[in-house]
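Here is a friendly walk through one protein structure. Please keep the sequence and the 3D view at hand while you read.

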Amino acid sequence: MPQAKKQSLVITASGTRPLKEVARDLKDAGFEVEQVLDAINVITGKGPAGIEDTLRTTKGVADVSEDFPVSIGPPGADVS
């Protein structure tokens, strides 16, 4: 059976709980935590499509957004 495609998400924490606790609860909800960025109160990772609503109900989560890749091009490249 093919594995369901996962989407990259950015979780912004509210700051009302320790970030490591929020990350643990996200993992328990089925989210694959990739990075815990304490300095900016953000957690990045992947989860199955449709998991956003579940993650938003996690205590300490302020926002759940899709992560989009960004490319700035090589140094010296023309600006478009």
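This report covers the sheet, the helices, the core, the loops and the charged pairs of what is a predicted model.

## The sheet

Let us begin with the strands. Four of them form an open sheet in the order β2-β3-β1-β4, and their pairing is antiparallel. The edge positions belong to β2 and β4, each of which has a single partner strand, so one side of each is left without a neighbour in the sheet. On average, neighbouring strands of this sheet are turned by 25° against each other, direction ignored.

Strand β1 is a good place to look at the pairing in detail. With β3 (residues 42–48), β1 pairs in the antiparallel sense over seven bridges, and L9 stands opposite G45 in β3. With β4 (residues 61–66), β1 also runs antiparallel, here joined by five bridges. In β4, V61 is the bridge partner of A13. As general background, strands of a sheet pair through backbone hydrogen bonds, either parallel or antiparallel.

## Two faces of β1

Which side chains of β1 are buried, and which are not? The side chains alternate along the strand: Q7, L9, I11 and A13 point to one face and are buried. K6, S8, V10 and T12 point to the other face and are not buried. K6, for instance, is partly exposed, with a relative accessible area of 32%.

## Helix α1 and its buried side

Helix α1 spans residues 19–28, and L19, V22, A23 and L26 are buried in it. These residues cover an arc of only 100° around the axis, which puts them on the same side of α1. In general, an α-helix has 3.6 residues a turn, so residues three or four places apart point the same way. K20, K27 and D28, on the other side of α1, are exposed.

What do the buried residues of α1 pack against? Their partners are β1, β2, β3, α2 and β4.

## The nonpolar core

The largest nonpolar core has 13 residues, and L9, I11, L26, F31, I43 and L55 touch the most other members. At least two residues of this core come from each of β1, α1 and β4. Helix α1 supplies the largest share, four residues.

I11 is worth selecting in your viewer. Leaving aside its neighbours within four places in sequence, I11 is in contact with L26, F31, N41, V42, I43, L55, V61, D63 and V64. Among these contacts, L26, F31, I43 and L55 are also named with I11 as core residues that touch the most other members.

## Positive phi angles

Two residues deserve a look at the backbone. Just after α1, G30 takes a positive phi of about 105°. N41 also has a positive phi, of about 60°, although it is not a glycine. Most residues other than glycine have a negative phi.

Where is N41 found? N41 is in the loop between β2 and β3. With a relative accessible area of 25%, N41 is partly exposed, and N41 is also one of the residues in contact with I11.

## Salt bridges

The whole structure holds five salt bridges. As a general point, side chains of opposite charge can pair when their charged atoms come close.

One salt bridge joins E32 and K6, with the closest N and O atoms 2.1 Å apart. E32 lies in strand β2 (residues 32–37) and K6 in strand β1 (residues 6–13), so this pair ties together parts that are 26 residues apart in sequence. E32 is partly exposed, with a relative accessible area of 38%.

Another salt bridge links R56 with D53, where the closest N and O atoms are 3.2 Å apart. R56 and D53 are three residues apart in helix α2 (residues 52–56), which separates them by about one helical turn. R56 is partly exposed at a relative accessible area of 41%, whereas D53 is exposed at 56%. Elsewhere, R17, E21, R24 and D25 are joined into one network by salt bridges that share partners. Within this network, R17 pairs with E21, the closest N and O atoms being 3.5 Å apart. Are these two residues buried or exposed? R17 is buried, with a relative accessible area of 14%, while E21 is partly exposed at 32%.

Conventions. Residues numbered from 1 in each chain as written. Predicted model: local features only at pLDDT ≥ 70, side-chain atom pairs only at ≥ 80, totals over all residues. Heavy atoms only, no water. Salt bridge = Lys/Arg side-chain N within 4 Å of Asp/Glu carboxyl O. Buried < 20%, exposed > 50% of the residue type's maximum accessible area, 1.4 Å probe, protein only. Pairing = 2+ DSSP bridges. Arc of directions from axis to C-beta. Contact = heavy atoms within 4.5 Å. Core = buried A, V, L, I, M, F, W, Y, C linked by side-chain atoms within 4.5 Å. Axes fitted to C-alpha atoms, helices over the stretch in contact; angles between N-to-C directions.
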